[in-house]
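These exercises ask you to read a protein model step by step. Keep the sequence and the structure in view while you work through each solution.

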Amino acid sequence: MSRLSENFYVDDDISQSLQKLLRVRPHEVEAKKTIILTTAPQLWNVEELGKSSKIIDLSNLIGIKSNENLLESELLNTVIEQFALAGWPKRAIFPEYRSDLKVRRIIDIAIFEPEDTWQIAVEIQDSERLLDNADEQIKTLCRGTTVKWLCATNGIQFKLLNRETNEHQLLDHAPSPTELGIHEWENIPQNVNSHSLRIFNPSSVEVLLAEVEESKPESLVIDFTIPWGFKVKKNSDLYNNVISQFINSLPINIREQMPGRIDILPVILAWAATIPSVKTLSAIVWPGIAINESTQWLRNCLIERFRLCSVLELPGNLFRFTSMMTSLLYFGGEREQVYFDVLGSRGDLISMDSRPWFDSLSKWMKGDKPSTGYTAKVENNANWAVRANDPEIDKTLERLKRLGKLVYLGELCDIQRGAVLNREDSEGTTPLIHARDLRGGYVDFENAQKIEANSIPEQVLLKKGDLLLPEISGGFSVALNRSSEPAVLGRNVIRLRLKDDKVSSEYLREYLNSSTAKKLISARVSTLADVQRITTQSLREFPVPVVDSKLCQGLNDLQRIEVELRAKADELESLRRALFDAQNSHSFQASLIELKRRGTLLETSLQSVDRLEFQIANFYPFPIAYGFRLLGSIVNPAQLYKEQLRVAENLLAFLGSISLALLQKQDRQKTGIDLKKYWQGGISPGHWVELVARSAKVFGTYKDDPLAEHIYRLNIGSDTKGFGSDVTALIRAKNNFKHDRGPTLEEEILKATQDIQERLKRCMEALAFFTEYPIRQVLDVNPSRCNSTTTLKCLRFIGDHPGLPQEEVILHKALHKGDLFLDAGRQEWVPLYPFINAIACSSCKTRETYFVDKWDNGIAYTKSFERGHTESCGQIAEGLADWGSNE
């Protein structure tokens with residue numbers, strides 16, 4: 001490696017801010033001596049450092065051996081900075097100095113003072129090989145001058161010659177005034193750098209360890225110039241001469257955890273944790289150190305020695321040599337909580353003293369409560385990423401536990417990373433699926449690369465139902481393989497294959513693509529600029545709520561609907577873009593009219609979706625939708641009021657009838673319901689409420705019945721809020737009207753109709769869950785000769801129009817012809833007989849739906865939802881008796 005110029009690392013203003021941040025420490029730690037480890041000492045502002053600080057330049061030690069790659073001007077500036085760091089005032093340093101205007105000889109650097117005495121002449125060469133030549137050259141250049149010291153340097157080694165004594169010295173740092181015997185500057189005013197900050201450049205690890213042991217620093221700073229991602233192989237010169245010596249200084253339990261190939265920075269951090277005198281440590285590290293499984297050994301090492309005090313995530317593109325996001329880690333202090341915060345952009349580091357985040361960090365370091373970010377307790381084996389320790393993550397996990405048991409993804413799926421194949425350049429017919437082929441939740445086989453697939457390993461062959469996600473992405477999206485055709489899993493793609501039927505592929509895809517899962521995933525990824533990477537191990541430990549698979553049926557239909565809507569929008573866009581392709585004004589006008597027509601239709605449809613009236617007219621159960629629709633056609637307030645109260649009774653009758661039908665046979669006695677008690681003499685709206693309330697108490701114990709749970713959550717028994725409050729008001733209005741206590745004046749009636757209509761609308765909104773459970777009448781039954789299935793020809797009782805749609809449904813059992821059934825999903829049809837029935841009305845000679853209004857002397861009297869017509873039936877009475885017998 002070559003020594004890098006200071007401009008290679010970071011802009012100067014950013015560098016100054018980072019230096020200040022690295023020197024921040026917890027208030028409870030008193031640090032009199034500080035050591036700064038760096039490979040670019042010229043970056044550090046010596047005037048900001050105290051006499052108790054020491055810079056150790058590791059560049060020569062870890063293999064940054066020369067300045068050969070620097071431009072001549074950059075090397076000159078580097079040497080000037082090194083002399084300044086050594087304690088020479090910058091005003092005393094003159095680059096490209098000519099001792100006499102009559103001569104053409106130019107000296108690279110001349111250093112004067114005190115009293116304008118020429119102290120040093122410096123000749124610079126860019127390699128160690130040329131240093132000897134530089135030594136002779138500087139002698140020639142300075143012949144006939146009064147300069148006391150001659151110096152030849154390549155920026156790492158400094159060869160000195162005392163012209164008075166002819167004494168030679170070889171230093172690994174720029175000589176300070178004190179080292180050259182100049183003491184006149186000790187009492188110079190403060191505008192001159194009055195202390196000499198020595199830069200120590202150890203020649204070996206042994207020398208470094210001895211220097212640190214002698215210095216006994218309480219604070220250690222590791223800056224951003226230590227190489228990142230520079231993995232050292234065993235038996236290499238760098239490993240044998242440097243890394244192994246660091247490793248041998250570590251405790252044996254740490255050495256045993258270290259991987260085979262090791263990075264320089266983790267080794268230095270681990271060594272720093274073993275220095276007995278160090279009480280506080282700060283370091284800028286790449287994100288893998290904070291989150292990767294391969295560096296867990298290092299986190300264990302650090303956390304056993306120090307308390308983690310703070311993690312500050314720095315923005316990406318901060319350093320010129322990488323776009324990777326980095327972290328500033330602070331160790332030391334006694335607090336159990338760790339402070340986490342994120343800097344959003346480079347601008348946050350400019351004039352940072354006025355930034356809220358810096359004020360918050362300063363408060364935390366002083367022992368006060370921070371004003372931004374958050375604090376959290378970090379477990380020993382946890383990673384240190386800001387997102388992973390966000391308290392909102394714990395809240396999210398607690399919420400998911402309420403949905404179902406949390407299971408690791410590795411327990412549900414076999415997780416396989418794509419392989420790098422030697423035949424990727426071969427041509428064939430089998431799709432090789434890369435990350436770019438995963439689009440919008442689907443796998444793009446058509447545009448995928450095609451390869452020859454002979455002898456492909458079994459584990460990288462795709463199967464139908466496999467879930468695929470990119471290993472590296474700007475935002476992870478999971479695709480479902482719906483194809484049975486052969487395909488190969490490419491590199492940078494991870495495959496999830498279900499082990500059993502605990503969850504379905506559709507459910508798992510929806511969950512992993514949800515905003516909740518993406519939030520959890522983002523806490524487990526490493527980030528390079530805006531690109532994220534997730535490992536197979538992180539996925540194996542990813543939590544998944546396992547809910548009843550039957551509840552999630554139909555998720556695939558939702559995505560299909562989304563695709564169809566997008567297709568409509570895309571079609572409209574295509575027509576609009578092609579508008580000016582018309583050949584003449586007539587075709588242009590025709591295309592424009594068609595475009596407007598389609599646009600208006602789509603707009604109207606989309607706008608109607610959220611309107612309650614549209615939902616009722618198209619998706620609500622017919623028995624309650626039809627009557628509600630008729631209210632809009634009544635003009636007379638008195639007639640409207642009367643019909644509103646009848647619709648209110650219909651709502652209660654419908655809800656009560658469904659509740660009775662849903663009760664499982666073994667639970668009927670638990671409710672304490674005596675049907676004859678309620679229907680003898682005619683049932684009232686209050687009785688319907690009591691039937692629903694008694695049933696709902698039992699529904700609260702049902703585990704896998706969503707419809708029953710919806711009715712339970714209506715809380716119809718509460719007369720002070722929500723659905724129960726509106727029902728109570730409707731019953732009161734109904735009773736008052738029945739007993740002639742209702743409104744009589746036109747203004748009173750008008751006001752009452754407005755109030756009742758609003759309550760009816762709120763009740764209908766509360767019953768919106770019924771749109772998921774259609775009611776059907778079985779018209780015909782056709783059993784299959786080949787298997788146990790039965791094809792049912794049905795009428796679907798949906799929407800507000802009496803012209804009900806027909807459909808065919810395949811079930812695994814035959815149902816009673818003519819009866820009504822409620823489709824509870826999961827192939828479970830709940831019979832509504834004897835509580836709701838479709839009967840040909842003797843009055844209007846049309847089919848109407850009826851609920852039981854009275855049961856007396858073996859006869860059931862029913863009332864239609866549509867018009868309030870009544871019918872009597874002995875057979876329905878028998879059904880009621882059978883229901884109540886519990887036999």
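**Exercise 1. A salt bridge inside one helix**

Is Asp359 buried, partly exposed or exposed, judged by its relative accessible area? Then describe the partner of Asp359 in a salt bridge and the spacing of the two residues along the chain.

Solution. Keep in mind from the start that this is a predicted model. Step one is to take the relative accessible area of Asp359, which is 35%; since buried means under 20% and exposed means over 50%, a value in between is called partly exposed, and Asp359 is therefore partly exposed. Step two is to find the partner: the side chain of Asp359 meets that of Lys363 in a salt bridge, with 3.4 Å from N to O. In general, side chains of opposite charge can pair when their charged atoms come close. Step three is the spacing: Lys363 and Asp359 both belong to helix H11 (residues 356–365), and because they are 4 residues apart there, about one helical turn separates them. Lys363, with a relative accessibility of 29%, also counts as partly exposed.

**Exercise 2. Salt bridges between distant parts of the chain**

Which elements hold Arg495 and Asp414, and how many residues apart are the two? Work through the pair Lys734 and Glu649 in the same way.

Solution. Begin with Arg495 and Asp414, whose side chains meet in a salt bridge at 2.2 Å, taken from N to O. This pair links distant parts of the chain, for Arg495 is in strand S28 (residues 493–498) and Asp414 is in strand S19 (residues 413–417), 81 residues apart. Next, consider the surroundings: Arg495 counts as buried because its relative accessibility is 2%, whereas Asp414, at 36%, counts as partly exposed.

Now turn to Lys734 and Glu649, where the salt bridge has an N to O distance of 3.7 Å. Here too the pair links distant parts of the chain, with Lys734 in helix H26 (residues 722–738), Glu649 in helix H21 (residues 637–662), and their positions 85 residues apart in the numbering. Glu649 is buried at 7% relative accessibility, while Lys734 is partly exposed at 22%. To place these pairs in context, the structure holds 30 salt bridges, and Glu571, Glu594, Arg597 and Arg598 are linked in a network of them.

**Exercise 3. Patches on the surface**

Which residues gather in a patch of positive charge, and which form a nonpolar patch?

Solution. For the charged patch, look on the surface for Lys405, Lys499, Lys502 and Arg540, which gather there as a patch of positive charge. One of them, Arg540, lies in helix H16 (residues 536–540) and counts as partly exposed, with 33% relative accessibility. For the nonpolar patch, look for Ile561, Leu565 and Leu606, which together have about 260 Å² of accessible area. Leu565 belongs to helix H17 (residues 555–577), and its relative accessibility of 44% makes it partly exposed.

**Exercise 4. Backbone details**

Where in the chain are Asn492 and Asp740 placed, and what is the value of phi in each?

Solution. Asn492 is in the loop between strand S27 (488–489) and S28, and its phi is near 65°, a positive value in a residue other than glycine. Asp740 is in the loop between H26 and helix H27 (746–766), and its phi, near 60°, is likewise positive in a residue other than glycine. The surroundings can then be read off: Asn492 is partly exposed at 30% relative accessibility, and Asp740 is exposed at 70%. As a last backbone detail, the peptide bond from Tyr833 to Pro834 is cis, with omega near 10°, and Pro834 is in the loop between strand S36 (829–831) and strand S37 (836–840).

**Exercise 5. The whole protein**

Why is the protein described as more spread out than a compact globule?

Solution. Start by noting that the protein has 28 helices and 40 strands. Its radius of gyration is 41 Å, well over the 29 Å that the globule rule gives for 887 residues, and it is therefore more spread out than a compact globule. The C-alpha atoms fill a box of roughly 135 × 70 × 65 Å along the principal axes, and 49% of the 887 residues count as buried.

Notes. Residues numbered from 1 in each chain as written. Predicted model: local features only at pLDDT ≥ 70, side-chain atom pairs only at ≥ 80, totals over all residues. Heavy atoms only, no water. Patch = residues over 30% accessible without salt bridge, like charges linked within 9 Å, V, L, I, M, F, W, Y side chains within 5 Å. Areas by Shrake-Rupley, 256 points an atom, 1.4 Å probe, with all protein chains shown as cover. Salt bridge = Lys/Arg side-chain N within 4 Å of Asp/Glu carboxyl O. Lys, Arg positive; Asp, Glu negative; His and termini not counted. Charge placed at Lys NZ, Arg CZ, Asp CG, Glu CD. Buried < 20%, exposed > 50% of the residue type's maximum accessible area, 1.4 Å probe, protein only. Rg over C-alpha atoms; globule rule 2.2 N^0.38 Å.
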